[in-house]
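Please look over the following chain and ask of each label attached to it what justifies that label. The exchange is meant for a reader who wants the value set beside the criterion.

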Amino acid sequence: MNSLLSTQQLSVNEVETILSRAQFFTKQDITWRTRATVVNLFYEPSTRTCLSFQQAAHALGLTVLDFTVERSSVQKGESLVDTLQTLDAIGVDLAIIRHQEDWPALTTGLNLRLSLINAGSGRYHHPTQALLDALTIQQSFGTLNGLKVTIIGDIFHSRVARSNAHLLKMLGATVQFAGPQQYFATDIPGIAWVDVDQAMEESDVIMMLRIQKERHVAQEYIVDYYEKYGLNDRRLKMIKKDAIILHPGPVNRNVEICDEAMTDPRCKILQQVKNGVAIRKAVIEWCLLGGHNEKLVSA
Ligand code: CP
């Protein structure tokens, strides 16, 4: 069994296997011959990631256990490590975890049987988001090789930016950042920072980010953000005709992206959400079966 903790652990070959399997899942469903149990441990709010993992697990025929952090012994002070060891002892096969900390570091050295999937760890990793973004880009352009991708906004607090910067570069794209200097991240090497207007004119993929207010340690409000850095009506006209617009969601309309952009044919935000289910099916399969598809049967 595998765990997926970050994009950094994946080889190009593994990424291509997962993307190809996810593309298959966009067209066809599969039900497992063997039953496995899955639990979602979401210590932070989520709509897309949590529900698409549930949807994926149900579609594969897995048993999704009823667990919420709010109604669990986490409320009595149980740590993440103790919770994982408890789930392991119960016989759970897969834990899908979103946490405000860089939680994979806490699991180093634990001798767990169950697989772990990182559904978002602090500002550090969100591997399934980067995979679904890569799939969405691949569906539009056929390849990521040679594409210019600009990620715009609150880079410093963004796990989406970190996971995508690594994965999309690995697949041959040129990744660059744009946004307020306040949100620059010095821990992501080898990425150029560009002017937002320049990014709009030259990019094949415009990836807007949400301002991560919940991770700001002090008041980090930026005056006139929408005018200075947002994908507003003026900038929508600057984007290349064959470019695509991405956003991991949830969006703050008319803060980082305008209403018109949300309905523009170049906007692939709902396609990203749809691809999230397919990617999560492929990742669950990769984790629990290690790519051994013979244990699956067609629905
Ligand atoms: N993109 C993303 O992680 O969205 P949710 O917080 O709704 O899961």
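The questions and answers below concern a predicted model.

Q: What makes the pairing of R159 with E44 a salt bridge?
A: The closest N and O atoms of R159 and E44 are 3.0 Å apart, and the criterion asks for a side-chain nitrogen of Lys or Arg within 4 Å of a carboxyl oxygen of Asp or Glu, so the pair is counted as a salt bridge. R159 lies in helix α5 and E44 in the loop between β2 and α2, so the pair ties together parts that are 115 residues apart in sequence.

Q: Why are R159 and E44 called buried rather than exposed?
A: Buried means under 20% relative accessible area. R159 has a relative accessible area of 7% and E44 one of 12%, so each of them is classed as buried.

Q: What joins E44, R159 and R215 into one network?
A: The side chains of R215 and E44 also meet in a salt bridge, at 2.9 Å from N to O, and this pair links distant parts of the chain, with R215 in the loop between β9 and α7 and E44 in the loop between β2 and α2, 171 residues apart. R215 has a relative accessibility of 14% and therefore counts as buried. Salt bridges that share partners thus join E44, R159 and R215.

Q: How do you know that D93 and R113 form a salt bridge, and which class of accessibility does each residue fall into?
A: Their closest N and O atoms are 3.2 Å apart, which is to be set against the limit of 4 Å. D93 is in the loop between α3 (80-90) and β4, R113 in the loop between β4 and β5, and 20 residues separate them. With buried meaning under 20% and exposed over 50%, D93 at 16% counts as buried, whereas R113 at 42% counts as partly exposed. By this rule the count of salt bridges comes to 14.

Q: Why is α5 described as largely enclosed by the rest of the structure?
A: Nine of the 12 residues of α5 are buried, so the helix is largely enclosed. The buried residues are R159, V160, A161, R162, S163, N164, A165, L167 and L168. Helix α5 (residues 159-170) reaches 17 Å from its first C-alpha to its last, close to the 16 Å expected at 1.5 Å a residue.

Q: How do you know what covers the buried residues of α2?
A: The criterion is contact, meaning heavy atoms within 4.5 Å, and the covering elements include β2 (37-42), β3 (63-64), β4 (94-99), β5 (115-121), α4 (127-141) and α10 (269-289). The residues of α2 that are buried are T49, C50, S52, F53, A56 and A57. Helix α2 is followed by G61, whose phi is positive, near 85 degrees.

Q: Why is the largest nonpolar core said to lie between the two domains?
A: Domain 1 (7-126 + 275-298) and domain 2 (127-272) both give residues to this core, so it lies between them. Of its 60 residues, L62, L131, I151, L168, F177, I279 and I284 touch the most other members, and α10 gives the most to the core, with 10 residues.

Q: What makes up the contact between domain 1 and domain 2, and how much area do they bury?
A: The centres of the two domains, taken over C-alpha atoms, are separated by 26 Å, and the contact takes 30 residues from domain 1 and 29 residues from domain 2. Between them the domains bury about 2500 Å², 59% of it on carbon and sulfur atoms. In domain 1, R123, H126 and N275 lose the most area to domain 2, together 31% of what that side buries. Across this interface the rule finds two salt bridges.

Q: What makes D224, N254 and the bond between G249 and P250 worth noting?
A: Most residues other than glycine have a negative phi, and most peptide bonds are trans. D224 has a positive phi of about 60 degrees although it is not a glycine, and N254 likewise has a positive phi of about 60 degrees without being a glycine. D224 is partly exposed at 48% relative accessible area, and N254 is partly exposed at 37%. A cis peptide bond joins G249 and P250, with omega about -10 degrees; P250 is in the loop between β10 (244-246) and α9 (259-263).

How values were computed. Residues numbered from 1 in each chain as written. Predicted model: local features only at pLDDT ≥ 70, side-chain atom pairs only at ≥ 80, totals over all residues. Heavy atoms only, no water. Buried < 20%, exposed > 50% of the residue type's maximum accessible area, 1.4 Å probe, protein only. Helix = DSSP H or I, 4+ residues; strand = E, 2+ residues; numbered from the N terminus. Core = buried A, V, L, I, M, F, W, Y, C linked by side-chain atoms within 4.5 Å. Domains from an automatic or database assignment. Buried area = accessible area lost by both parts, 1.4 Å probe. Expected span 1.5 Å × (residues − 1).
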